[in-house]
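Hi,

Here is the structure I said I would pass on. Have a look at it first, and then read on for what turned up.

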Amino acid sequence: MEFLQKVLQIYIDRWPWFLELIGEQLKISLISVFLAGSLGLVIGILIAEYPRFREPVMAVCNIFYTIPAIALIGLLIPLIGIGEKNAIAAIVLYGIMPMVRNTCTGLTGINAGTIDAATGLGSTRWQILVRIRLPLASGVILAGLRNVVVMSIATGSIAAFVGGGGLGEAIYRGITMYNPAMTFAGGFMLVVLALTCDFLLGRLEKFIKKKWRTS
Amino acid sequence: MEAAIRFENVTVRYGDHTALDDFTISIREGEFLTIIGRSGCGKTTALRLINGLLTPDEGHVYVRGTDVADSDLIRLRRSIGYAIQDVGLFPHMTVKENVAYVPSLSGMWNKAEKEEKVRPLLEMVGLDPELMKRYPDELSGGQKQRVGIARALAAGPEILLMDEPFGAVDEITRRSLQTEIKQLQNRLHITIVFVTHDIHEAMMLGDRMLVMDAGHVLQLDEPETVRKNPAAPFVRELLRKESEEEG
């Protein structure tokens, strides 16, 4: 109980600092999710339309996804240094894979009869993509994006160790000053943030699925 | 009279399998042609050559005198109605949007027009226009088929291609859909090419029926003639089955 009181005290004493950390965390996440999301969407669409690039592109994405976050951050230091940029680059490289995979799976997993009808009725390739494939794949694509968001919070907090900013900094500082209440305060905040984002995106996913009648 | 659709020595191969073998037929303007045969006989292949979903390995397919190979496929397809077995209704669009799909592709109808244009189409296929705002998953099998036909007819095509369009509905619904498509064709005078594996359906609907086997024409004649003089053992077999079912 005493410990939790300490944690609460930290929140009360340092709330402007925590707000700042949350702000940083969200900023890093937003930028990197936007980049990974749009890049992944475009790549996913391209490999769905041009199947012969599918395998090599997925292989590269898989490699990035397999590298442990801390290793990726370390590898990026000689290339782009430390700080926010490093965190964003790491999250983008990491986040592209689920986005590409889900986009491609969603676009290619549509009932063949639906595509056949759309083609036979005289849709252009672009019309099939925009009017049929993308709306029907939106549920799967959004699930990928949700994945990227949660991952961005996880990876973003590790990036604090290389000066990336965000709530990971509270944990980092707590460790260096041997202040367990501080590490807990930072960690707990991260958990809440991750769960909230996931919950909100889950709701959005449900809404879209209902709207587009996709599964 | 110019044939609506003409196949000239068409051969289509899928790897080692020959789906159509030196296939030549002529489909008349305003004719209801049914194509019957066992699965794999090439009937669907023949149908899909007409709107360029498939291209022949050899030979030519002419639609209204123009070689499909030389046609603008997008434009050709928009001028040909197309209805398929599992309907292929777009699940994320309402009945209205589904029916208005082809005209909306070419910007033929504006948004405000849609409703008043879709209404008579739904009535024509025997559907309550109130269904307009429903989604396909809220419709019965028979209703879906009707929406599929309304969609195929929306742009006022002169040719309608149907690939086992009534395959997925129950017997009673199928009978009434058959009666209605026949009446519809009498009224609209369009050319209909209708693929089926049901000999009764082929006989009842077709002005002429084409019996196919292994990529060849076995017989192309009026249903009565086919009934009286089945040209091949395979046709006799189908007819015998039919009479057994009815008997």
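Let me start with a small puzzle: where is the place of D22(B)? D22(B) sits in strand β2 of chain B. It is worth a look because D22(B) has a positive phi of about 50° although it is not a glycine. For background, most residues other than glycine have a negative phi. As for its surroundings, D22(B) is partly exposed, with 15 other C-beta atoms within 10 Å. Before going further, please keep in mind that this is a predicted model.

A second residue tells a similar story. N9(B) also takes a positive phi of about 50° without being a glycine, and N9(B) is found in strand β1 of chain B. The count for N9(B) is 13 other C-beta atoms within 10 Å, which makes N9(B) partly exposed.

**The sheet in chain B**

Those two strands belong to an open sheet of 4 strands in chain B, in the order β2-β1-β4-β5, with antiparallel pairing. At the edges are β2 (17-27) and β5 (66-67) of chain B, each of which pairs on one side only.

Start with β1(B) and β2(B). They run antiparallel and are joined by 7 bridges. Y14(B) stands opposite H17(B), a residue of β2(B). The hairpin they form has 2 residues between the strands, and there G15(B) takes a positive phi near 60°.

Towards the other edge, strand β4 (residues 58-63) of chain B pairs with β5(B), again in the antiparallel sense, over 2 bridges. Here V63(B) has T66(B) in β5(B) as its bridge partner.

What lies across β1 (5-14), β2 and β4 of chain B? That is helix α1 (residues 43-50) of chain B, which runs at about 60° to β2(B).

**Chain B as a whole**

If you zoom out, chain B has 10 helices and 10 strands. Its radius of gyration is 18 Å, close to the 18 Å that the globule rule gives for 247 residues, so chain B is as compact as a globular protein of that length. The C-alpha trace of chain B spans about 55 × 50 × 35 Å along its principal axes. Of the 247 residues in chain B, 43% are buried. Looking at contacts in chain B between residues at least 6 apart in sequence, 66% join residues at least 24 apart.

**Chain A**

Now for the other chain. Chain A has 9 helices and 0 strands, so to speak a plain run of α-α-α-α-α-α-α-α-α when read along the sequence. The C-alpha trace of chain A spans about 70 × 40 × 20 Å along its principal axes. Buried residues account for 40% of the 215 residues of chain A. Among the contacts in chain A with a separation of 6 or more, 76% are between residues 24 or more positions apart.

One helix pair in chain A is worth turning to. Helix α3 (residues 54-66) and helix α5 (residues 84-108) of chain A pack at an angle of about 140°, and their axes are 8 Å apart. The crossing of α3(A) past α5(A) is left-handed. If you want to find the contact on screen, the residues from α3(A) include R54(A), V57(A), M58(A) and C61(A). On the side of α5(A), look for L93(A), Y94(A), I96(A) and M97(A), among others. By class, this contact has 11 nonpolar, 1 polar and 2 charged residues.

**Where the chains meet**

How many residues of chain A are in contact with chain B? There are 17 of them, and they touch 17 residues of chain B. On the chain A side, α6 (112-120) and α7 (125-158) each supply at least two residues. The most comes from α6(A), which gives 6 residues to that side. The residues of chain A that touch chain B divide into 6 nonpolar, 9 polar and 2 charged.

If you only have a few minutes, go to D22(B) in strand β2 of chain B, then to helix α6(A) at the contact with chain B.

Cheers

How values were computed. Residues numbered from 1 in each chain as written. Chains lettered and ligands numbered in written order. Predicted model: local features only at pLDDT ≥ 70, side-chain atom pairs only at ≥ 80, totals over all residues. Pairing = 2+ DSSP bridges. Contact = placed C-beta atoms within 7 Å. Axes fitted to C-alpha atoms, helices over the stretch in contact; angles between N-to-C directions. Nonpolar A, V, L, I, M, F, W, Y, C, P; charged D, E, K, R; others polar. Rg over C-alpha atoms; globule rule 2.2 N^0.38 Å. Buried ≥ 20, exposed ≤ 12 C-beta atoms within 10 Å, placed from the backbone. Left-handed = near helix turned anticlockwise from the far one by under 90°.
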